Amino acid sequence: MNREEIIQAKKLLEASELVAIPTETVYGIAANAFDINAINKIYKVKNRPLNNPLIVHLSSSKDIFNVAKSIPDVAQSLIGRYWPGPLTLVLPKNDDIPDEVTSRLDTVGVRVPNHPMTLELLQSIDFPLVAPSANRSNHISPTKAAHVASSLGGNAPFIMDGGSCTKGIESTILGFEEGRVVLYRHGAISKEDIEAFIGEEVIEKTTNEKPITPGNFKKHYSPDTKTILSDNPYKILKELDGVRVGTILMNDPKDIIDVPFRCLSMTGDLKEVSRNLYDALHEFDQMDLELILVERAPYMGLGYSINDRLLRAVQ
Ligand code: TXA
Ligand code: MG
């Protein structure tokens, strides 16, 4: 691990600057969660609408009451099971958390990320970090340091390079309403896994219509290249003639393919698909194609999270 990079990142954050940090889900663009100047820079650099709140990242669940006012029992159990890890909890916010973090909501999203460099950075500073994904707003989230540089261009801050993200898809976001656990965003932990752990059904509020979690606006996670989704890309490829198309498959190819293609997992393993999905979208978006044709994932486990992101990419 590169200690120099962590020291450099700490210095910048303490001086109200931004730093791109690796996490197990996607790279984030981080600022001191109590520094309004620095937080405003995030919105500017990402060109992010001000009504889209930020997730607070802690080094340990011990610090949770610096951020949240109260924690339901089921949230405590989820913390014990999944932190550090790709689970964000929406909790009643502590009064100290600036309105700029939560877009004036009375709740705050919080998680402990699971990446050794970022955990070391968080332990070395005496404030939590807010960190949205380190892409320009509505673009594909970064899962490698190079994606951050290409998405943010000249606006990219200092990047801590922590290699490829192991999960490759954003954290699952849960909230708590009237004694029930509510899913606000599908993510790296499947709804099935959460339900199996808590032993009850999770209410889904991930709808596009009136998003409680503004990241659920319809268009999001989009490549610049036109992208379409299909259950049968092989059939569509036969119909397309003379179009510069590239195709992204969930599984090993079932047929001969004579256009650029990438299979996200030879065995159709959905964890592997999640890990590789954004990297493939970034790669194909750089290939000067007219069309990216992506195979839909099966609706099971992480397939819901994968298809959720793909549906937003094709809007
Ligand atoms: O995996 C992740 O969560 C990554 C890494 C960097 O931690 N971060 C991430 O941040 O995906 P961002 O800003 O791209 O997405 C955060 C989502 C947004 O959809 C936002 O609306 C939602 O979290 N969110 C934050 N605070 C919320 C709150 N109080 N209530 C509801 N949704 C909230
Ligand atoms: Mg994002």
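Visitor: How do β9 and β10 pair, parallel or antiparallel?
Guide: β9 and β10 pair in the parallel sense, over 2 bridges. In β10, the partner of L183 is E204. Keep in mind that this is a predicted model.

Visitor: And what about β8 and β9, parallel or antiparallel?
Guide: Antiparallel, over 5 bridges. Strand β8 covers residues 172–177. E177 has R180 as its bridge partner in β9. The two strands form a hairpin, with 2 residues between them.

Visitor: Which residue in that turn has a positive phi?
Guide: E178, with a phi of about 50°.

Visitor: How many residues of β9 are buried?
Guide: 5 of its 6 residues, so the strand, residues 180–185, is mostly covered.

Visitor: What sheet do these strands belong to, and in which order do they come?
Guide: An open sheet of 10 strands, with mixed pairing. The order is β7-β1-β2-β6-β3-β5-β4-β8-β9-β10. The edge strands are β7 (158–159) and β10 (203–204). Each of these pairs on one side only.

Visitor: What joins β2 to β6?
Guide: 2 bridges, with the strands running antiparallel. Strand β2 is residues 28–32 and β6 is residues 129–130. N32 has L129 as its bridge partner.

Visitor: Switching to β12. Which strands is β12 joined to?
Guide: One is β14 (residues 291–295), joined by 4 bridges and running parallel. Another is β13 (residues 261–263), joined by 3 bridges, also parallel.

Visitor: Which residues stand opposite I248 and L249 there?
Guide: I248 stands opposite V294 in β14. L249 has C263 in β13 as its bridge partner.

Visitor: Which way do the β12 residues point?
Guide: V245, T247 and L249 point one way. G246 and I248 point the other way. All of them are buried. That fits the strand count: 5 of the 5 residues in β12 (245–249) are buried.

Visitor: Now the core. Which residues touch the most other members of the largest nonpolar core?
Guide: L78, L87, L89, L91, V130 and I194. That core has 47 residues. Helix α2 (residues 36–46) gives the largest share, 5 residues. Another core, of 23 residues, lies apart from it. Its members include V26, I140, L277 and A297.

Visitor: What does L91 touch?
Guide: Leaving out residues up to four places away in sequence, its contacts are I64, A68, S70, I71, P72, A75, D106, T107, V108, V110 and F176.

Visitor: On to charges. How many salt bridges are there?
Guide: The count comes to 22. One of them pairs R309 with E170, with the closest N and O atoms 3.1 Å apart. This pair links distant parts of the chain, 139 residues apart. R309 is in helix α10, and E170 is in the loop between β7 and β8.

Visitor: Are R309 and E170 buried or exposed?
Guide: Both are buried. R309 has a relative accessible area of 1%. E170 has 4%. Each counts as buried because the cut-off is under 20%.

Visitor: Where do K191 and E195 lie?
Guide: Both lie in helix α7 (residues 191–198), 4 residues apart, about one turn of the helix. Their side chains meet in a salt bridge, 3.7 Å from N to O. K191 is partly exposed at 24%. E195 is buried at 19%.

Visitor: And E239, which residue does it form a salt bridge with?
Guide: K235, with the closest N and O atoms 3.9 Å apart. They are separated by about one helical turn, because they sit 4 residues apart in helix α8 (233–239). Both E239 and K235 are exposed.

Visitor: Which residues are linked in a salt-bridge network?
Guide: K144, R262, D279 and E283.

Visitor: What makes the nonpolar patch on the surface?
Guide: Y299, Y304 and L311 make a patch of about 280 Å². Y304 lies in helix α10 (residues 303–313). Y304 is partly exposed, at 36% relative accessible area.

Visitor: Last one. How far apart are N2 and M160?
Guide: 158 residues apart in sequence, and 8.9 Å apart in space, C-alpha to C-alpha. N2 lies in the segment before α1 (3–14). N2 is partly exposed, at 35% relative accessibility.

Terms used
Residues are numbered from 1 along each chain as its sequence is written. Chains are lettered from A and ligands numbered from 1 in the order in which they are written. This is a predicted model: local features need pLDDT of at least 70, side-chain atom pairs count only at pLDDT 80 or more; totals for chains, interfaces and linings use all residues. Side-chain values use heavy atoms; hydrogens and water are left out. Two strands pair if DSSP finds at least two bridges between them. Patches are made of residues with over 30% relative accessible area and no salt bridge: like charges are joined within 9 Å, nonpolar side chains (Val, Leu, Ile, Met, Phe, Trp, Tyr) within 5 Å. Accessible areas come from the Shrake-Rupley method with a 1.4 Å probe; for residues, only the protein chains shown count as cover. A salt bridge is a side-chain nitrogen of Lys or Arg within 4 Å of a carboxyl oxygen of Asp or Glu. Buried means under 20% relative accessible area, exposed over 50%, partly exposed in between (1.4 Å probe, protein chains only). A nonpolar core is a set of buried Ala, Val, Leu, Ile, Met, Phe, Trp, Tyr and Cys residues joined through side-chain atoms within 4.5 Å. Contact means heavy atoms within 4.5 Å.
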